[in-house]
Amino acid sequence: PSSERQQLQHFSPTSPKVSVLLCVHDAEKTLRRAVESVQNQTLHNVELVAVDAGSEDSSARMLDTFMERDIRVVVEHVSACSREEALDAAFACARGEYIVVMDTDGWFDATYLQKLVDTAESEHVDLVVGGVAVQIETPRRKIDLETDEAPVIYRTQHDFRTGTWEHFASGRLSPASAKLFDRARAAANKLRFNAENGNDHGFTFGYLRDVERVAFMGGGYHVRREVPEEHGVEFARELYRGIGDEYEAVIELLRGWGLEGDAASMTMVQGRYLELLSLCVEAACMTQTGDTSADVRALVGQMISDERAQLAAGVGLPRDGAARALIGPIKSQNVPLAIMQARLLSMVRRGAPATLTPDAFL
């Protein structure tokens, strides 16, 4: 994509305090709300760096119009690419002291960025984690998810690391969205959003590796997202690879912190893995055309019998009922029972995802 970038024409006359990074692809229905929520911030010294990743609807024209009317809007047009590649392109163009990631189906409260910056500067922290409210719309129901943790400030690296497990478990810490990062710090560590694991969590993990002081604050970022009920053996197989990558990344982070043997942290990791694994099992059991019973049994058998699943079933304490129901079948490696449990729970939940934490959708 970098070879096709157009020369940027509009620059803010001053150095922005915050650069908001936005990947855009065929988002004409929600783009105006997202952009205007940045323009209407009480913190005026901001820039919006929007990368259009090969949109085929009116999104590109809309962005150009925004840029013509507001010098704080910077637009770059590239060929179709992943969200993470587009965010890397936006990061390379950003000039703000801080960066914040948002999505085209999201929007900020008017005071959101000011609160993030005020917290960072008054409390002298390296990272501010904001709250988020996510509304998920599936073909059969709507689900409202919201981070409800009380504001907290970790003033030492030790306190943050030993308390991190709570925030990973709540689905608040992994995504790059709803966070205020120090741009110079991220650049010095050569962090990238495109970490080859299908999401932006690698950027966050890299930033967390040596961070010392961290603040968690209330909400102000909203996302309304339509989620198709994707399922079938191939979808489940890809999802399974993804949760394995995520698991290893968290373990590596905890190992680097010297917390691989910390009981609270490891119980969290194993419980979260069980929650995500239950989602994979359910997806595999909701077959698509071409999936055979043998395909389903083989994949479910692989997922519940590997070392990660067996360790997680032994020590993890998942909060999700679907995951708890699978502990027995996983321990006994009983594939027919795991399939039966997954299908039963899928009917009971009527299309609700198996994992009800915001980071599954950010």
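**Exercise 1.** Leaving aside neighbours within four places in sequence, which residues is Gln41 in contact with? Place Gln41 in the fold and classify its burial.

*Solution.* The model is predicted.
- Step 1: locate the residue. Gln41 sits in the loop that links helix 1 (31-39) and strand 2 (46-53).
- Step 2: list the partners. With neighbours within four places set aside, Gln41 is in contact with Phe108, Asp109, Ala110, Thr111, Tyr112, Leu113 and Gln114.
- Step 3: check the side chain. One of its polar atoms lies 2.8 Å from the backbone oxygen of Ser37. The cut-off for a polar contact is 3.5 Å.
- Step 4: classify. The relative accessible area of Gln41 is 0%, so Gln41 is buried.

**Exercise 2.** Ala178 is not a glycine; what is the sign of its phi? Is Ala178 buried or exposed?

*Solution.*
- Step 1: read the backbone. Phi of Ala178 is positive, at about 60 degrees.
- Step 2: locate the residue. Ala178 belongs to the loop between helix 5 (157-169) and strand 10 (179-182).
- Step 3: apply the cut-off. Buried means under 20% relative accessible area. Ala178 has 4% relative accessibility and therefore counts as buried.

**Exercise 3.** Where is Gln333 found? Assign its accessibility class from its relative accessibility.

*Solution.*
- Step 1: locate the residue. Gln333 lies in the loop between helix 12 (321-332) and helix 13 (335-349).
- Step 2: read the backbone. Gln333 is not a glycine, yet its phi is positive, at about 55 degrees.
- Step 3: classify. Partly exposed covers the range between under 20% and over 50%. Gln333 has 43% relative accessibility, so Gln333 counts as partly exposed.

Key
Residues are numbered from 1 along each chain as its sequence is written. This is a predicted model: local features need pLDDT of at least 70, side-chain atom pairs count only at pLDDT 80 or more; totals for chains, interfaces and linings use all residues. Side-chain values use heavy atoms; hydrogens and water are left out. Helices (H or I, at least four residues) and strands (E, at least two) are DSSP runs, numbered from the N terminus. Buried means under 20% relative accessible area, exposed over 50%, partly exposed in between (1.4 Å probe, protein chains only). A polar contact is a pair of N or O atoms within 3.5 Å; within protein, one must be able to donate a hydrogen and the other to accept it, and residues adjacent in sequence count only if both atoms are side-chain atoms. Contact means heavy atoms within 4.5 Å.
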